[in-house]
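Thanks for coming, everyone. Please have a look at the sequence and the model first. Then we will walk through it piece by piece.

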Amino acid sequence: MSGPQTPDVIIAGAGLAGATLALALHQGGLSSVLVDPQPFDAQLAPSFDGRSTAIAYSTFRMFDALGLGESLRPHACRMDHILVTDGQRPGAASRAPSSAFIRFDAEEIGDRNGGEPLGYMLENRRLRVALAEAVTAAGIEVLAPASVDSVEVGPGLATVTLKDGRSLKAPLVIGAEGRGSTVRKAASIDTLGWPYHQSGVVATVQLGKDHGNVAHEYFLPDGPFAILPLTEQRASLVWTESTRRAEALKTASDEAFHAHLMRRFGEFLEGVEVVGPRFVYPLSLQLAEKLTAPRIAIIGDAAHGVHPVAGQGLNMGLKDVAALAEVLTEAVRIGEDIGSELVLERYARWRRFDNAALAAGFDGFVRLFSNDIGPVRLARDVGMAVVNRIAPLRRAFMHEAGGATGDLPRLLKGEQL
């Protein structure tokens, strides 16, 4: 392995995907340096990231394999049931349930997944804390605050120049800095996509009654509204509004925000109290045309930013992590150059189709449900009723959502590298 002055990998971005990759590579015997514009401990503040994430059960196996499971489990809420309903008007959540619904129950696939839930709801801040502690314990170098200014590729090594003038060299550079990835731009990798002219409004609420580990997703004409179970009888509310309405909600007083919430969703959220800050995130689709370039690979939101309709964005990014870590670990064990085109193409081939197919699927899903056109509504309601009545179809959806289908990397099977 390279000495400390020349790491095996430079990872731009010490967020959820970047830090997880650093841990996975460390387990596989590769050294890395994390570079991030935010001070590392700033990511741990509750106000830094107010989102909660649906973690697929295969992704949680990966956390176990990386030694994070024990610290995360007390904060992870099982999702044993998911109820998806097609609603016609804003107050749908407080009225009699629509006949167009699909109910997913974990026990239906318990024989094949060892009694796992459909997924776990986990606050992002809890995951950031666990990753930060593990990265520190592993002795992985973190340069923060520090920003990548440029990446130049030469024979055998890539040179990363930071905005403060420092330079680092490594055989491989990973872009994990999100949708505006500097590394992706330096590699001249184009993206395609479009804005949805919608924003996701996110808030954590204390519930007046037990959620029973049930996740609810209502599809309303303006976009989906989800009530996602958290520990301590709380829930994460994620609902889609037009960007203009969402911005108004962001700046509204607590009283006005609560009043809008009650007017929109009514009795369903009986006794609810908003706790902590609220957040607004603009929604768009962005897909990189390639995942690799000479001595460069991209992962996570740098490679694909999708609509949160199915809660799969982070799971897709961590699939990238698991695949790339396995490819690099195997390459270094047989003496290959980890930055070579041959090695990186194995990662790209593994993830290319899955990323494109999921991004297209989620985009189609949003377009199908975010409207109130009569014939379209009829077709989708019939489709939901059919899926709900055919058990093998339901189980197939659940396995896919759990991330346990296809050619899985070892980490997603719970195996160490």
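How many bridges join strand β9 to β10, and how do the two strands run? There are 5 bridges, and β9 (residues 148-153) and β10 run antiparallel. Two strands pair here if DSSP finds at least two bridges between them. Helices (H or I, at least four residues) and strands (E, at least two) are DSSP runs, numbered from the N terminus.

A word on the source. This is a predicted model, so local features need pLDDT of at least 70 and side-chain atom pairs count only at pLDDT 80 or more, while totals for chains, interfaces and linings use all residues. Residues are numbered from 1 along each chain as its sequence is written, and side-chain values use heavy atoms, with hydrogens and water left out.

Now the overall picture. The protein chain holds 12 helices and 20 strands. Of its 417 residues, 55% count as buried. Buried means under 20% relative accessible area, exposed over 50%, and partly exposed in between, with a 1.4 Å probe and protein chains only. Next, contacts, meaning heavy atoms within 4.5 Å. Take the contacts in the protein chain with a separation of 6 or more: residues 24 or more positions apart account for 73% of them.

Back to β10. This strand covers residues 158-162, and 4 of its 5 residues are buried. On one side is β9. S150 has T161 in β10 as its bridge partner. The β9-β10 hairpin leaves 4 residues between the strands, and G156 in the turn has a positive phi of about 85°. Then there is β11, residues 167-170. It pairs with β10 in the antiparallel sense over 4 bridges. Here T161 stands opposite S167. So T161 turns up twice: it partners S150, and it faces S167 in β11. The hairpin of β10 and β11 also has 4 residues between its strands, and G165 there takes a positive phi near 100°.

Next, another sheet. What is the strand order? It is β3-β7-β4, an open sheet of 3 strands with antiparallel pairing. The edge strands are β3 (52-56) and β4 (77-79), and each pairs on one side only. From one strand to the next, the twist averages 35°. Between β3 and β7 (residues 119-123) there are 5 bridges, again antiparallel. A54 has M121 in β7 as its bridge partner. Helix α5 packs on this sheet, touching β3 and β7, and its direction makes about 80° with that of β7. For angles, axes are lines fitted to C-alpha atoms, for helices over the stretch in contact, and angles run from 0 to 180 degrees between N-to-C directions.

Let's stay with α5. This helix covers residues 124-138. It has 15 residues and reaches 21 Å from its first C-alpha to its last, close to the 21 Å expected at 1.5 Å a residue. The expected span is 1.5 Å times one less than the number of residues. Several of its residues are buried, including L127, L131 and V135. After α5 comes G139, whose phi is positive, near 75°.

One residue in α5 deserves a stop: A134. Is A134 buried or exposed? It is buried, with a relative accessible area of 19%. Leaving out residues up to four places away in sequence, A134 touches L23 and L68. A134 and L66 are 68 residues apart in sequence, yet 9.0 Å apart in space, C-alpha to C-alpha.

Which residues of α1 meet α5? They are L16, A19, T20, L23 and H26. The helices α1 and α5 pack at about 35°, with their axes 10 Å apart. The crossing is left-handed. That label applies if the near helix is turned anticlockwise from the far one by less than a right angle; clockwise is right-handed.

Last, the other partner of α1. Helix α1 (residues 16-27) and helix α9 (residues 313-333) pack at about 25°, axes 9 Å apart. That makes α1 roughly parallel to α9. Angles under 35 degrees count as roughly parallel, over 145 as roughly antiparallel, 65 to 115 as roughly perpendicular, and the rest as oblique. The crossing of α1 and α9 is right-handed. Among the residues in contact are L21 and L25 of α1, and L318 and V321 of α9.

And α9 itself? Of its 21 residues, 17 are buried, so α9 is largely enclosed by the rest of the structure. Its end C-alpha atoms are 31 Å apart, which agrees with the 30 Å that its 21 residues should span at 1.5 Å a residue. Just after α9, G335 takes a positive phi of about 80°.
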